Amino acid sequence: MALKQDIQTDMKTAMKAGEKERLSVIRMLLAALQIREIEAREDLSDSDVLQIIEKQIKQRMDSAKQFAEAGRDDRAAQEKVEGEILRAYLPEQLSEGELSEMLAEVIQSTGASSMKDMGQVMAELRKRAQGRTDMGVLSGLVKARLAS
């Protein structure tokens, strides 16, 4: 809940500073948060907010790639900038060493030994690393570790 309040405060700051581009991105994010709150019929936790921010970033990066492939470099650059504005709301990213250590810890604590246990491992990692790493990359690390 505190993260959403920080975003609202940033919106006011962007308004006062006349940062139109940043303000536009923050408004889109707050709209996405409000839609999710209405659907869930409850206030969002910080974890929920982080999931939405990650989804928004992924959408921007996918759009940037598609625009670049279509030769629309101006729009691709715009999408990348919006993604970077959103990325500022994510916590500090985990290093490779920290990820590897966390992965080893989770595999040991869950007793995972094969690919059948991947769902259990990913569920625990999602709780611990939400917003602090790319879950797609983390999934690849889990597959590599459990396949060996």
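I started with what sits over helix α1: the cover on its buried residues includes α2 (20–40) and α3. Contact here is heavy atoms within 4.5 Å. Helices are DSSP runs of H or I with at least four residues, numbered from the N terminus.

Note to self: this is a predicted model, where local features need pLDDT of at least 70 and side-chain atom pairs count only at pLDDT 80 or more, while totals for chains, interfaces and linings use all residues. Residues are numbered from 1 along each chain as its sequence is written, and side-chain values use heavy atoms, with hydrogens and water left out.

**α1**

I checked which residues of α1 are buried (under 20% relative accessible area, 1.4 Å probe, protein chains only; exposed is over 50%). They are Leu 3, Lys 4, Ile 7, Met 11 and Ala 14. Looking down the axis of α1, I see them fall within an arc of 100°, so they line one face of the helix. That arc is taken from the directions from the helix axis to the C-beta atoms. An α-helix has 3.6 residues a turn, so residues three or four places apart point the same way. On the face turned away from the buried side I find Lys 12, Lys 16 and Ala 17, which are exposed.

I also checked the length of α1. Its 16 residues (2–17) should span 22 Å at 1.5 Å a residue, and the end C-alpha atoms are 22 Å apart, which agrees. The expected span is 1.5 Å times one less than the number of residues. Just after α1, Gly 18 has a positive phi of about 70°.

**Arg 41 and Ile 52**

Arg 41 also caught my eye: not a glycine, yet its phi is positive, about 60°. I place Arg 41 in the loop between α2 and α3, and it is exposed, with a relative accessible area of 76%.

Ile 52 is in α3 and counts as buried at 7% relative accessibility. Leaving aside neighbours within four places in sequence, Ile 52 is in contact with Leu 29, Ala 32, Leu 33, Arg 36 and Leu 44.

**Largest pocket**

I looked up the largest pocket last; it holds about 370 Å³ of space. Of its 14 lining residues, Glu 54, Lys 58, Thr 133, Asp 134 and Met 135 are the closest to its centre. A pocket is an open set of points on a 1 Å grid over the protein atoms alone, where a 1.4 Å probe fits, with protein on both sides within 12 Å along at least five of seven lines; lining residues have an atom within 4 Å of a point. The volume is the space filled by probe spheres set on the points. α3 gives the largest share of the lining, 4 residues.

Definitions and conventions:
Helices (H or I, at least four residues) and strands (E, at least two) are DSSP runs, numbered from the N terminus.
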